[in-house]
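These are my notebook entries on a structure that I am opening for the first time. I record what I looked up, in the order in which I looked it up.

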Amino acid sequence: MVIVNSFAEYKAYEGKEIGVSQWHTIDQDQINKFADATLDHQWIHCDEERAKNEGPFQSTIAHGYLTLSLIPYLWKQIADIRNVKMEINYGIEQFKFGQAVLVNDEVQLKAKLNTIVDLRGVTKVVIGATLSIKGKAKPAYTGDVVFLYHFND
């Protein structure tokens, strides 16, 4: 895990891979809870029997937005950004879903610091995020996550 205490320490990673998270298994219970939380109960996610018999993957799949929602959890396994008053999830950019995540697939986040700028005391970072699926060559997604940090002086 990378530990960052200041803008200067963060800046040292610009253009470099910061790290990778641990593997996380997305099981049917997590998919169902996400469906309940988002009111998205499409059969491809929730109906195991129908997905097995009628679906293109012969299995239920995780919601794309479920995989995106894992970014904060997985990011915290990669980097510990300390000495901040506040951290804000500012945006996501250029995300492309490359492959479905099947139930019980294991996923892992790889993060690269694309850019970092000081906006008059607010640090804006753009993290290149790739979600890999164990045993598969093509990632679940790639894109950029934007965070704002208010470091203590």
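**Entry 1. A loop residue, N83**

I began with N83, which I found in the loop between β4 (79-81) and β5 (84-97). The model is a predicted one. I checked the backbone there: N83 has a positive phi of about 60 degrees, although it is not a glycine. I then looked up the accessibility of N83, and with a relative accessible area of 35% it is partly exposed.

**Entry 2. R120 and L39**

I turned to R120, in the loop between β6 (106-119) and β7 (122-133). R120 is not a glycine either, and I noted a positive phi of about 50 degrees. Is R120 buried or exposed? R120 is exposed, its relative accessible area being 85%. I added L39 to this list: it comes just after α2 and takes a positive phi of about 65 degrees.

**Entry 3. The chain as a whole**

I stepped back to the overall layout. The protein chain comes to six helices and eight strands. Reading from the N terminus, I wrote the order of elements as β-α-β-β-α-α-α-α-α-β-β-β-β-β. The C-alpha trace spans about 55 × 30 × 25 Å along its principal axes. Of the 153 residues, 41% count as buried. I also looked at contacts between residues at least 6 apart in sequence, and 70% of these join residues at least 24 apart.

I consulted the UniProt record, an unreviewed entry, which lists "domain: MaoC-like" for residues 14-127. In the model this span is 32% helix and 38% strand, and its end C-alpha atoms lie 9 Å apart.

**Entry 4. Helix α2**

I asked which residues of helix α2 (residues 28-38) are buried. They are Q28, I31, F34 and A35. Seen down the axis of α2, these buried residues fall within an arc of 125 degrees, so they line one face of the helix. On the face turned away from that buried side I found the exposed residues K33 and A37. I then traced what the buried residues of α2 pack against, and noted α3 (43-46), α4 (48-54) and α5 (64-69).

**Entry 5. Helix α6 and the link to β5**

I made the same kind of check on helix α6 (residues 71-78), where the buried residues are I71, L74, W75, Q77 and I78. Viewed down the axis of α6, they fall within an arc of 155 degrees, so they too line one face of the helix.

K76 forms a salt bridge with E87, and the closest N and O atoms are 2.9 Å apart. K76 lies in helix α6 and E87 in strand β5, so the pair ties together parts that are 11 residues apart in sequence. K76 is partly exposed, with a relative accessible area of 43%. E87 is partly exposed as well, at 28%.

**Entry 6. Further salt bridges**

How many salt bridges does a search of the whole structure find? It finds seven. I looked up two besides the pair in Entry 5.

The side chains of K136 and D105 meet in a salt bridge at 3.1 Å, N to O. K136 lies in the loop between β7 and β8, and D105 in the loop between β5 and β6, so this pair ties together parts that are 31 residues apart in sequence. K136 counts as partly exposed, at 30% relative accessibility, whereas D105 counts as buried, at 11%.

The side chains of K134 and E106 also meet in a salt bridge, at 3.5 Å, N to O. This pair links distant parts of the chain, with K134 in the loop between β7 and β8 and E106 in strand β6, 28 residues apart. I noted K134 as partly exposed, with a relative accessible area of 41%. E106 counts as partly exposed too, at 26% relative accessibility.

**Entry 7. D144, a buried charge**

My last search concerned D144, which lies in strand β8 (residues 141-151). D144 is buried yet has no salt bridge. The nearest side chain of opposite charge is K112, 8.7 Å away. What does the side chain of D144 make a polar contact with? It makes one with the side chain of N114, at 3.0 Å. Leaving aside neighbours within four places in sequence, I listed the residues in contact with D144 as G91, I92, E93, F95, N114, V126, I127 and G128.

Notes:
Residues numbered from 1 in each chain as written. Predicted model: local features only at pLDDT ≥ 70, side-chain atom pairs only at ≥ 80, totals over all residues. Heavy atoms only, no water. UniProt positions renumbered as here; feature names shortened; annotations may be inferred. Helix = DSSP H or I, 4+ residues; strand = E, 2+ residues; numbered from the N terminus. Buried < 20%, exposed > 50% of the residue type's maximum accessible area, 1.4 Å probe, protein only. Arc of directions from axis to C-beta. Contact = heavy atoms within 4.5 Å. Lys, Arg positive; Asp, Glu negative; His and termini not counted. Salt bridge = Lys/Arg side-chain N within 4 Å of Asp/Glu carboxyl O. Polar contact = N/O pair within 3.5 Å; in protein donor to acceptor, adjacent residues only side chain to side chain.
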